Amino acid sequence: MKTAKIVNLLVLLAGLATVATPCCYSQSEIDPDHFDSPNTDPFPQRQTRGGIATETGRVRFEGKVTLPYSLICAGKRLLPGRYNVSLRSDGKTGRATLNQKGQT
C-alpha cells in the first residue's frame with residue numbers, strides 16, 4: 001500500500017513538472033553581421049623586428065621522446081620506443097636526428 005502511494009506521488013510530481021515549466025522563446029536578428037560603427041579604419045599593427053631565428057642564430061637542442069606507435073618519417077619506418085632527439089641549426093639550415101639503440 002505504501003509503495004502505491006509513493007508511485008502515485010512520483011507520477012503526480014512528474015505531471016506537474018511538465019505542465020508547470022515556463023516557456024521561453026529566443027529572438028533572432030534580421031542582420032546579425034551588421035554593426036553600426038563610425039570608425040571603419042583598421043587597427044594599427046605592431047611593428048616587429050626580424051623573426052626569432054634571426055635573433056638567435058644558432059639553435060642546439062637535445063632531448064628524449066617516446067613514440068607509442070610505429071610511423072613512417074621521410075620514407076623510413078620508426079618503431080615504437082624511446083628516441084634521443086638532436087636539433088641543430090646555424091640560422092639558415094637545420095638538421096634533426098633521431099637515435100634509437102645505436103641507429104640513426
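**Notebook: lookups in a predicted model**

I began with Val65, whose place is in strand S1. The model I am reading is a predicted one. For Val65 I noted a relative accessible area of 33%, so the residue is classed as partly exposed, given that this class lies between the limits of 20% and 50%. I then looked up a contact distant in sequence: Asn84 is 19 residues away from Val65 along the chain, while their C-alpha atoms are 6.4 Å apart.

**Entry on the overall fold**

I next recorded the secondary structure of the protein chain, which comes to two helices and five strands. Read along the sequence, the elements give the pattern α-α-β-β-β-β-β. I also looked up burial: of the 104 residues in the protein chain, 8% are buried. For that class the relative accessible area must be under 20%.

**Entry on the salt bridge**

How many salt bridges does a search of the whole structure find? I found one. The side chains that meet in it are those of Arg88 and Glu62, with an N to O distance of 2.8 Å. Arg88 belongs to strand S4 (residues 81-89) and Glu62 to strand S1 (residues 59-67), so the pair ties together parts that are 26 residues apart in sequence. I checked the accessibility of both partners. Arg88 has a relative accessible area of 31% and is therefore partly exposed. Glu62 has 56% and is therefore exposed, since the exposed class begins over 50%.

**Entry on Arg95**

I located Arg95 in strand S5. Is Arg95 buried or exposed? Its relative accessibility is 62%, so I entered Arg95 as exposed. I also noted its relation to Arg60: the two residues are 35 positions apart in sequence, and their C-alpha atoms are 9.8 Å apart in space.

**Entry on the largest pocket**

I turned to the largest pocket, which holds about 360 Å³ of space. Its lining consists of 13 residues. Which of these lie nearest the centre? I listed Lys76, Leu78, Tyr83, Leu98 and Thr104. By class, the lining divides into six nonpolar, four polar and three charged residues. I then asked which strands contribute, and noted that strand S3 (76-78) and strand S5 (94-99) each supply at least two residues of the lining. Strand S5 is also the place of Arg95, as entered above.

**Entry on the nonpolar surface patch**

My last lookup concerned the surface. I found a nonpolar patch of about 600 Å², made by Ile6, Leu9, Leu10, Leu12, Leu13 and Leu16. From this patch I followed up one member, Leu13, which lies in helix H1 (residues 2-20). At 47% relative accessibility, Leu13 is counted as partly exposed. The value is therefore compatible with patch membership, for which a residue needs over 30% relative accessible area.

Methods:
Residues numbered from 1 in each chain as written. Predicted model: local features only at pLDDT ≥ 70, side-chain atom pairs only at ≥ 80, totals over all residues. Heavy atoms only, no water. 1 Å grid on protein atoms, 1.4 Å probe; cavity = no way out; pocket = protein on both sides within 12 Å on 5 of 7 lines; lining within 4 Å. Points joined across faces, edges and corners; volume = space filled by probe spheres on them. Helix = DSSP H or I, 4+ residues; strand = E, 2+ residues; numbered from the N terminus. Nonpolar A, V, L, I, M, F, W, Y, C, P; charged D, E, K, R; others polar. Patch = residues over 30% accessible without salt bridge, like charges linked within 9 Å, V, L, I, M, F, W, Y side chains within 5 Å. Areas by Shrake-Rupley, 256 points an atom, 1.4 Å probe, with all protein chains shown as cover. Salt bridge = Lys/Arg side-chain N within 4 Å of Asp/Glu carboxyl O. Buried < 20%, exposed > 50% of the residue type's maximum accessible area, 1.4 Å probe, protein only.
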